[in-house]
Amino acid sequence: MEEFRKEYLGGGITAFVSDAHSFGTDAVLLADFAAPSKKAVCCDLGSGCGIIPLLWCKKQTGHITAVEIQSLGTRQTECAIEFNSLEERLTAVNSDLCDLKGKVSFGAFDVVTMNPPYKANGAGIISSSRADKIARHETMCSLEDICKTAAKLLNFGGRLCMCIRPERICELFCEMKNHGIEPKRLKLVSKCPGKAPWLALIEGRRGGKSGMTVDPELFVYGADGGYSEQMKEIYSDYLLENRGEEG
């Protein structure tokens with residue numbers, strides 16, 4: 001069995017990571033971007049080791065469901081639930097997101113998130129690692145699958161929040177609209193000023209009216225090469241020295 005490692009997130013919450021299921025800057029940014037209210041009922045799809053729900057548990061008190069297709073990631077989340085005594089706040093579900101009927105309540109969620117595979121199926125070099133292949137390429141789900149599932153899970157007015165590479169923004173917007181989720185908010189993320197964005201954070205609302213706001217761009221690093229003030233605020237009490245780069 002693969003060895004799990006503890007990683008302290010601050011706020012009294014510890015995650016369990018492994019070589020197959022760790023996390024990066026993009027997941028931390030998505031957790032912050034989605035920013036559920038304290039009583040929001042949330043679902044994180046493709047949850048991996050449960051990092052986004054665990055980050056929310058530092059502040060948020062509503063119930064959270066973490067859906068992950070790979071059993072190893074689900075076991076890591078379950079370890080974190082037990083270790084942090086989160087049984088009343090967080091539930092891990094080992095399932096394909098396209099097969100959630102009877103496992104997760106439809107129309108019950110205020111917020112759904114997913115940090116999806118960034119590459120379309122067949123695009124780029126396919127990893128030999130099954131875990132990496134599922135995480136990075138649309139071998140097990142597509143943007144259409146994600147938006148279709150989110151539309152079933154969300155209540156009217158509920159939010160779908162995702163991060164994606166900028167070159168796929170238009171594709172995601174089309175899939176959202178095809179499933180009754182209106183794109184409402186966009187934030188671009190760059191490594192530093194002067195660099196092209198490498199990540200887009202996107203929020204859509206089920207049944208929302210047309211009209212979208214664009215947030216100020218977020219920079220990961222400042223002019224001095226260290227984390228920007230924005231990133232320091234997002235990481236908060238998380239131990240920065242343990243951070244890797246984006247995953």
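## Exercises around strand β4

Strand β4, residues 64–68, is mostly covered, with five of its five residues buried. Keep in mind that this is a predicted model.

**Exercise 1.** Work out which residues of β4 sit on one side and which on the other, and whether they are buried or exposed.

*Solution.* Start with a general point: side chains in a regular strand alternate between the two faces of the sheet. Now go along the strand. One side gets Ile-64, Ala-66 and Glu-68. The other side gets Thr-65 and Val-67. Next, apply the cut-off: buried means under 20% relative accessible area. All of these residues count as buried, so both faces of β4 are covered.

**Exercise 2.** Find how β3 and β4 pair, and how the chain gets from one to the other.

*Solution.* First, look at the pairing: β3 (residues 42–45) runs parallel to β4, with four bridges between them. For a landmark, find Asp-44, which stands opposite Ala-66 in β4. Then trace the chain: it leaves β3, passes through helix α2 (residues 51–56) and arrives at β4, making a right-handed β-α-β crossover.

**Exercise 3.** Do the same for β4 and β5.

*Solution.* Here the pairing is parallel too, over five bridges, and β5 covers residues 90–94. Your landmark is Glu-68, opposite Asn-94 in β5. The route from β4 to β5 goes through helix α3 (residues 71–83), and this β-α-β crossover is right-handed.

**Exercise 4.** Say what covers the buried residues of helix α5.

*Solution.* Begin with the helix, residues 143–153; its buried residues include Leu-143, Ile-146 and Cys-147. Then check their surroundings: the cover includes β3, β6, β7, α6, β8 and β9.

Technical notes
Residues numbered from 1 in each chain as written. Predicted model: local features only at pLDDT ≥ 70, side-chain atom pairs only at ≥ 80, totals over all residues. Heavy atoms only, no water. Buried < 20%, exposed > 50% of the residue type's maximum accessible area, 1.4 Å probe, protein only. Helix = DSSP H or I, 4+ residues; strand = E, 2+ residues; numbered from the N terminus. Pairing = 2+ DSSP bridges. Right-handed = clockwise from strand over helix to strand, strands pointing away. Contact = heavy atoms within 4.5 Å.
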